[in-house]
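Thanks for coming. I will go through one model this morning, mainly its side-chain pairs and its backbone exceptions.

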Amino acid sequence: MNDNNFTRTNDVVIVGGGLAGLFCALKLAPRPVTLISAAPLGQGASSAWAQGGIAAAVAEGDTPEAHAADTIAVGGGLVDEAVALGIAREAVPRIHDLLSYGVPFDRDLEGKLAVGREAAHSARRIVHVRGDGAGAAIIATLSEAVRRTPSIRVIEGLVAEALLTRDGAVTGLQLRDAGNPAARPLLLAARAVVLATGGIGHLYAVTTNPLEASGSGLAIAARAGAVIADPEFVQFHPTAIMTGGDPAPLATEALRGEGATLINANGERFMAARHPLAELAPRDIVARGVFAEIAAGRGTFLDARAALGARFADRFPTVHASCIAAGIDPARQAIPIAPAAHYHMGGIAVDARGRSSIDGLWAGGEVSSTGAHGANRLASNSLLEAAVYAARIADDIAGRVLPSPTRLPDAPIASGGGTPDAATVKRLRTTMSSCVGVIRDDHGLMEAVHHFATLEREATSIALGNMATSALLVAASAWSRRESRGAHFRIDHPTDVPALAQRTMTTLAAAREVAESLSARPLPRSAQPLIA
């Protein structure tokens, strides 16, 4: 790979090969676009693993207003209502866009889009592909469309490790070979940068996210000075399949929508006593219910034997394959499950057009925070939000006169290649799960902030430093929010505080200030991990 190919470009540069990145590139055509993906297209993106589908009010009797109301009800008082309604109203056009690219959404006997129901939705409004294959089908279809589009230059195998800025505006990116962290960094000039790098799930020891979801996009934006919104709100999917995989395979929520139940090792259902919707309660409530059963030593299982039985393999082939690979026949056996880091409601703060606080930087998909999800994401809203904002970002860029490329620096702005130490990464992930997980408290969060601040300050690897940066943002904001709201649950502050019903807006500098303020306080000896 010749460095000269990367030092100058007039392109819009999109970082990320998931739904937001691919869709934005296609919407910008025929404008020249460079799409950078750490993994080969179709791999390494959480979008491809999404089993639920896309929420859209396409069924007779359903409305965008009802969809938005459900989104707001779940979001713990922090959802931007105008954003939620705008996304719901744009759902149908985005579904038709995906159909035009060839996404084979399921249809009923009359040829209409088939819809399913998932937790906390008041209607059946989730469009699927073969039950649990929507994400994979969408990414495969869009990847093919991108490769066929002459205006899109695809560069695979590079990871963005720093943003280049001058006078408060983005001028380019620092990249490195994803397969060779010791390789010389590459500098790429850009007139506009769109970050669509995904979430932070792999900062946790148990996650449903791919390896690439390690918070790199969040970190490089924060290090460049971007405002970060709601980083403390991490959604844990309650039904990750616990068979030792990393990432853990996911048992889609649609299974519970079809009647599967949650039971403990004694065969007892436990969610009905916790919420009127039982298994279909909001995810944060179900995740805490599952966590409590595990903590009590009773174990937890997803039981689809009565609801699906022999129909399991045909209705949910992806989950079925994961179970069979682990030696479990879900038609005859209950599936062992546990909560796992799944989706980050927080991210780079963006406005209604996907613009960040840094001129020339847009963000879409899970790396962004639009205000649509509040403190707790409604099921199957993530792919919808990614598509809606990808289209908005494309429209916004297309309507702007972009500045001429600026001269790149003569040397990398950040040094420190090399592979992060495996033991250090393992400790970071364990600390996130034990101290910043499903249930949090002051002691654990203090321990996490201390650890991540030290790690960020002393990291000799850029990759490790970026992981520590994202972890610090989450932990510092979680320590600062002294209440429980949505997916953020503190056992020492178990109720919500009405005065705190507002979104978090923070920066890396503010997170470091939290760490500095805590550095004078000794860690309590009684601090114990909440999750083994």
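**Salt bridges, rings and backbone**

I start with arginine 481 and glutamate 483, whose side chains meet in a salt bridge at 2.6 Å, N to O; the term takes a side-chain nitrogen of Lys or Arg within 4 Å of a carboxyl oxygen of Asp or Glu. Both arginine 481 and glutamate 483 are buried, where buried is under 20% relative accessible area, exposed is over 50%, and partly exposed is in between, with a 1.4 Å probe and protein chains only.

Before going further: this is a predicted model, in which local features need pLDDT of at least 70 and side-chain atom pairs count only at pLDDT 80 or more, while totals for chains, interfaces and linings use all residues. Residues are numbered from 1 along each chain as its sequence is written, and side-chain values use heavy atoms, with hydrogens and water left out.

How many salt bridges are there by this rule? The count comes to 34. Another of them pairs glutamate 279 with arginine 269, with the closest N and O atoms 2.6 Å apart. Both residues lie in the loop between strand E13 (261-263) and helix H9 (283-295), so the pair ties together parts that are ten residues apart in sequence. Helices (H or I, at least four residues) and strands (E, at least two) are DSSP runs, numbered from the N terminus. Glutamate 279 is buried at 5% relative accessibility, whereas arginine 269 is partly exposed at 49%.

Arginine 490 and aspartate 492 form a salt bridge too, at 2.9 Å from N to O. Arginine 490 is buried, with a relative accessible area of 0%; aspartate 492 is partly exposed, at 31%. Elsewhere, Lys27, Glu90, Arg94, Asp97 and Arg392 are joined into one network by salt bridges that share partners.

Now the rings. The structure holds three aromatic pairs, counted for rings of Phe, Tyr and Trp (its six-membered ring) with centres within 6.5 Å; planes under 30 degrees apart are stacked, over 60 edge-to-face, and the rest tilted. In one of these pairs, tyrosine 204 and phenylalanine 236 have ring centres 5.4 Å apart and planes at 90°, so the pair is edge-to-face. Tyrosine 204 is in the loop between strand E10 (192-195) and helix H7 (216-223), and phenylalanine 236 is in strand E12 (residues 234-241), 32 residues apart. Tyrosine 204 is buried at 0%, and phenylalanine 236 is buried at 7%.

Two arginines have their charged ends over rings, meaning that NZ of Lys or CZ of Arg is within 6 Å of the ring centre and within 35 degrees of the ring normal. Arginine 377 sits over tyrosine 343, 4.4 Å from the ring centre, and arginine 482 over tryptophan 479, at 4.5 Å.

On to the backbone. Alanine 29 and proline 30 are joined by a cis peptide bond with omega about 10°, and the bond from aspartate 246 to proline 247 is cis as well, with omega near 5°. Aspartate 230, not a glycine, has a positive phi of about 55°, and serine 380, also not a glycine, has one of about 65°. Aspartate 230 is buried at 1% and serine 380 at 4%.

Last, confidence. The chain averages a pLDDT, the predictor's confidence in each residue from 0 to 100, of 92, and 95% of the residues score at least 70. Which stretches fall under 50? Residues 1-6 do, and so do residues 526-532. Where pLDDT is low, the predicted coordinates should not be read in detail.

Definitions and conventions
Contact = heavy atoms within 4.5 Å.
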